[in-house]
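Here are some notes for a colleague opening this structure for the first time. They take up charged side-chain pairs and then one packing of helices.

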Amino acid sequence: MKSERSVGIDCLRAISIIWVLLYHFVPLQAFNRGTFGVLLFFIISGYCIAFSAETSQTAWHFYAKRLGRLLPALIVCGFLTTLFKFLAPELVEPGRGLKWVHYIYTLIALPTLNVLQVNYNLPDGAYWSLQIEFQFYFFCFLMMVLGLKQRLLALLCAVTIFRTVTTSTDYYTSNDFFPFFIAGMSVAALVRGRTREAIAGIIVAFSVELYHLKMGVKQPSAQIELYRSLLLWFGTAAVYLAARYDHLLPRWSSALAFIGVISYPLYLIHQDVGMMILHWAHVGRDSAGDMLIRAFVLPAFLAAVAWLVYALVEKPTIKPLTRFLTDPIGWLRQWQPAMARGGYKATERSGDVARQDLPIG
């Protein structure tokens with residue numbers, strides 16, 4: 001079973017985030033479809049979530065792993081973005097202003113799908129994709145609660161088809177992005193040897209996307225056009241090749257994979273903070289020097305910030321936070337003094353108990 005730290009998958013993550021960075025910072029026609037980088041992220045997410053669900057002991061364990069994976073970097077990068085906007089409001093683009101209460105509520109609204117139905121502003125414009133991701137996670141969580149973990153792909157296909165044919169083409173929904181998650185989950189099924197299930201899922205994903213194209217479905221976040229359909233097809237093939245043949249990648253690919261490793265905090269911190277830096281430095285759009293800063297210097301600086309967030313926050317906190325969220329009482333019990341649990345014999349056995357209680361990966 002391929003893990004989320006597959007070199008090939010990380011290389012695709014790197015391509016996705018570089019695509020998005022160039023879209024936001026480099027004003028060239030060649031990079032005017034940067035949201036396609038996000039769509040490739042969705043395919044990768046579908047692939048990885050299929051394995052995450054398979055290895056989860058319970059529905060809550062699955063969701064706890066998602067929260068443990070996403071919250072640390074989200075808390076830090078959202079805080080930094082909000083802080084920069086608070087300290088230098090004159091650098092913020094019109095309509096991108098933010099209050100601290102909105103940042104705090106974002107941390108509640110995203111995992112709960114805005115259960116309180118409060119109007120709020122996301123800390124960064126790029127966070128819109130997290131809303132789609134959490135809807136996908138919540139669907140998987142709900143199906144697992146109902147004891148349907150083994151039928152996740154089939155159920156996702158059925159619900160997506162139903163929502164597609166019963167929703168007006170003028171009504172914007174997250175359903176328009178679900179073919180990309182289906183494609184990723186289908187690749188995971190193919191890697192696991194479930195060929196019929198995989199082929200059926202891929203057919204559904206491609207068919208729904210072609211339906212969107214044929215019916216002229218409106219989607220402002222990522223315009224539905226032929227190029228988007230091509231991205232789905234070639235992106236699905238790329239994820240399969242990356243998962244199946246990553247052992248054939250050359251050694252230099254590890255440098256590209258490193259960008260994939262830090263791609264999540266880089267995605268969270270790049271857009272509004274990056275534009276504020278460009279505004280502060282009076283970087284234009286015309287000269288070769290300006291283009292050099294936009295294409296290389298600024299992305300390199302933001303990547304350094306993302307690496308610090310990954311190394312100091314994300315990497316050391318993911319597993320402890322996941323363990324705590326999975327079983328708060330058991331996690332707290334591990335920190336009790338040994339004598340309070342019955343002396344030497346309790347201490348001697350505590351390692352075995354703790355190992356049994358720890359969640360998988």
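1. Please keep in mind throughout that this is a predicted model. Arg13 is a convenient place to begin, since this residue is buried, with a relative accessible area of 8%. Its partner is Asp10, which is buried as well, at a relative accessible area of 3%, and the side chains of Arg13 and Asp10 meet in a salt bridge with an N to O distance of 2.8 Å. Both residues belong to helix α1 (residues 7-25), where they stand three residues apart, about one turn of the helix.

2. The pair just described is part of a wider set, for a search of the whole structure finds nine salt bridges. As a general point, side chains of opposite charge can pair when their charged atoms come close.

3. Another salt bridge is formed by the side chains of Glu54 and Arg192, again at 2.8 Å from N to O. Glu54 lies in helix α2 (residues 35-54), while Arg192 lies in the loop between α7 (178-191) and α8 (195-215), so this pair ties together parts that are 138 residues apart in sequence. Glu54 counts as partly exposed at 31% relative accessibility, and Arg192 likewise counts as partly exposed, at 39%.

4. How are Asp272 and Lys85 joined? Their side chains meet in a salt bridge of 2.6 Å, N to O. Because Asp272 sits in helix α11 (residues 263-280) and Lys85 in helix α3 (residues 59-87), the pair ties together parts that are 187 residues apart in sequence. Asp272 is buried, with a relative accessible area of 5%, and Lys85 also counts as buried, at 5% relative accessibility. Lys85 and Asp272 are further linked with Arg96 in a network of salt bridges.

5. Helix α3 also deserves a look for its packing against helix α12 (residues 288-326), where the angle is about 150 degrees and the axes are 8 Å apart. An angle over 145 degrees counts as roughly antiparallel, and α3 and α12 are therefore roughly antiparallel to each other. Their crossing is right-handed.

6. Which residues of α3 and α12 meet? On the α3 side they include Trp60, His61, Ala64, Leu67, Leu71 and Val76, and on the α12 side they include Val309, Val313, Ile318, Leu321 and Leu325. Lys65 and Arg69 of α3 and Glu314 of α12 are also among the residues in this contact. Taken together, the residues of the contact of α3 with α12 divide into 13 nonpolar, five polar and three charged.

Definitions and conventions
Residues numbered from 1 in each chain as written. Predicted model: local features only at pLDDT ≥ 70, side-chain atom pairs only at ≥ 80, totals over all residues. Heavy atoms only, no water. Salt bridge = Lys/Arg side-chain N within 4 Å of Asp/Glu carboxyl O. Helix = DSSP H or I, 4+ residues; strand = E, 2+ residues; numbered from the N terminus. Buried < 20%, exposed > 50% of the residue type's maximum accessible area, 1.4 Å probe, protein only. Axes fitted to C-alpha atoms, helices over the stretch in contact; angles between N-to-C directions. Parallel < 35°, antiparallel > 145°, perpendicular 65-115°, else oblique. Left-handed = near helix turned anticlockwise from the far one by under 90°. Contact = heavy atoms within 4.5 Å. Nonpolar A, V, L, I, M, F, W, Y, C, P; charged D, E, K, R; others polar.
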